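Got the model open in your viewer? Here is a short tour, one selection at a time.

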Amino acid sequence: MGKVNFDLPDLISKNLPCKDLVTNVKVAAAYILGFFAVVFLSNIARAFLRSYQQPRMVAETLVGIVAGNIILTQEDHRDNIVKTLNDIIEFGMIFHMLALGLEMDARILFQRPTQEAIVAFSGMLSTFILAYLLTPYFNYSEFPSHEFTVSLSVTLTGTASPLLTRLITDLKIGKSDIGRLLVAAGTYSDLVSTLFISIGFVIISADKNLGFRDSKDILKITSTLIVQVVVTAVISPILMIWVNHENPAGKSLKGSHMVLSVAFVAISCGCSAVKGKYSPMMSAFITGIALPREGRLSKMMISKLNYFLKCIFYPIFFVWVGLGVDFQMFNPGNPWTWARMIFIFVIATLGKVVGTFLSGLMLGFNLPESVALGLLLNVKGHFHMFLALFTFHMKNHEMIMTTSTRIGLTLAIFFTVIYAPLVGAYIIRRARKRSPNQRMSLQWLDSENELRVLLCIHGPQHLPSTINFIEISRGRDDPGIMVYVTDMIELTEQIESTLVHREGVEVVTVTDRAVIEMRDQITTAIKTYEEEHESGITLRRMLALSPFSVMHQDICHFARDLNVTLIVLPFHKYPAEDGKMTGADSKFRFVNKKVLQNAPCSVGILVDRGFGVTSKISRTSIFLHAAVIFIGGKDDREALVYASHVAQHPGVKLTVLRFLLDANANSKCTRPGTSKVNLAEQEEEMQLDDEFFAGFYERHVGGQVAYMEKYLANSGGRVNSALTAGMNDWEQCPELGPIGDILSGSAFAVSASILIIQQHSPKED
């Protein structure tokens, strides 16, 4: 036998396919290793910047810029890396825009403008005007044109609503008034600006230096987009409803249904991109806003897309951004380089601030709040960075902007994200500075401000009493009442296992079937009532989902963030068929007591003894008789203010029963062992009672409001009051006070529902 020489390097060199395979494996391994290195460094940077409340995007941008500039120094592999990243970014931005569209509801554009819309549109308009008038003087484009100026101006008007929502959530002001305003205004701004950009992609072409397309191409793209939107808007709800019905919450989604749904979305996204040669990225956005937002399938798609974007795409995206921010081409020695960068940042910021300032004058906002709104609505994000860089990276596109302009615009966008947490922290400091001394009670509520109530319920059994309570508490249509109907649900292990974590203000979603059905039942009843009473009433839904040991903290946080004046809690006992109170739940009682101790506003406990059985309260004739007991003290003054709201309901006959002390009888007998009341404090409190009651009597007594006086002798009192001392010895529920304890007890013969109110006391009191 002959001798065989086996030389592996020689074989590999002669076998080119094998050599290419080894090379490709090495390249793939290098890409994977580079990806994990970027993610690792981004997490380290994120941990370091977390103490400065900087969002994830800041850390990823810094790491991406450094990584991108390192890649630019690798002459041998730079072109291949850039080409690969371009393909990934083109593909990934389709998912980004689809997720953005799915999270938006285009129907808000057809509703009557709200204050959020006014704030958003005024900021957009002022930014567009300033940018359109001033940017041509700074020569941002290699090919100056009217089309470029309009495109740049529209881009500057936008807001990165997902990023802004994430910032608001991290700062824990998402449920406050200004937080809700910012989230809604940011959504308006993002939706409208992106729609304008979508229209711009129909009319102008980046391949022609932002020149106009041929009329034939415009007609072709427009017709395919119309077909795409109509088909998606008509068919997708039918498909989604069927899939949601076949896959109820709490059960795994069938694979065939998932494949069918994904295929439908993919075909819809590609319709105008393939047939009309429209931008695939903007086509995905149009599909997203045409798809329904509600339902299990839509929420799952949003959750999965956001997970992919956050964990995989965004780290790669910022490396791609770093390739565009080539500091070797920045030309820092040229003063025009810095002038362009600073000016684009100033013009975008100033435009938003001017717009929100003017809208704030119309809506009655404070100057600091208006400025803060403008600064936060100027936040830009991934899409804006992509628009600043895509003509540099994409093949067959000529350079529309100068290199220094491209880098300066990208850095200016980056700076809008950096200062946002500082503005949010200022808002929080400003709120905390006022809150310790602010009296959040009915007595000190400005009559021109709406009454805000956090109305807590245990379940559907409280629906009738909840609706009746809202009805009699509504007062005048102007300023009206806003009620946050809050479900108190214990976070058990079973419910916790069904929680789905997501981005946004509502960071978790409950998928437990029993909880969903219960909440849907309550929401349906609440919406029905609100639709029947459009004027003067605004109802919102909230969820306090936590263990009973900390549920009071959630309720107090809601009250503080929502700036409510009154928290109403249901009593922990329920009336039985014989009228006696039964079914005591010590857990809910614990929550009630903790809320009474820690609430940032006044608190009421509603004892339902037939209030929920009462049918719909009429507004044309006397239907309900109510009484308020006034003995004296700040809690009774608070109850009297609430009674003034009830007195304005045409279907309620109110009786004010005032108990007074018979001074002669009281002097003859005092209870041994009771602490003596400080006479100076008692006289001051009685003077406040007399002055307050006189004002109430003058404004309300007469007509549907009756007044009665009762004189008592030898009585005790609550909190060393001269009328109710001694009752504390045999109270069953001390948190209700002696009078409330008697009226809510089973021994009380009259089956009347009771609301016991405790007035908020500032910390210094």
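The span expected of a helix is 1.5 Å times one less than its number of residues; helices (H or I, at least four residues) and strands (E, at least two) are DSSP runs, numbered from the N terminus. This is a predicted model, where local features need pLDDT of at least 70, side-chain atom pairs count only at pLDDT 80 or more, and totals for chains, interfaces and linings use all residues. Residues are numbered from 1 along each chain as its sequence is written, and side-chain values use heavy atoms, leaving out hydrogens and water.

Start by selecting 586–598, helix H22: its 13 residues reach 18 Å from first C-alpha to last, close to the 18 Å expected at 1.5 Å a residue.

Now show its side chains. Phe588, Val591, Asn592, Val595 and Leu596 are buried (under 20% relative accessible area, 1.4 Å probe, protein chains only). They span an arc of only 135 degrees (taken from the directions from the helix axis to the C-beta atoms), so they sit on the same side of H22. Flip to the other side for Ser586 and Gln597, both exposed (over 50%).

What covers those buried residues? The cover of H22 includes S4, H21, S8, S11 and S15 (contact is heavy atoms within 4.5 Å).

Next, colour the open six-stranded sheet, ordered S7-S4-S3-S8-S11-S15 with mixed pairing (strands pair if DSSP finds at least two bridges between them). S7 (537–546) and S15 (754–758) are the edges, each with a single partner strand, so one side of each has no neighbour in the sheet.

Last, zoom in on S3 (451–457) and S4 (481–490), which pair in the parallel sense over seven bridges. Arginine 452 has methionine 482 in S4 as its bridge partner.
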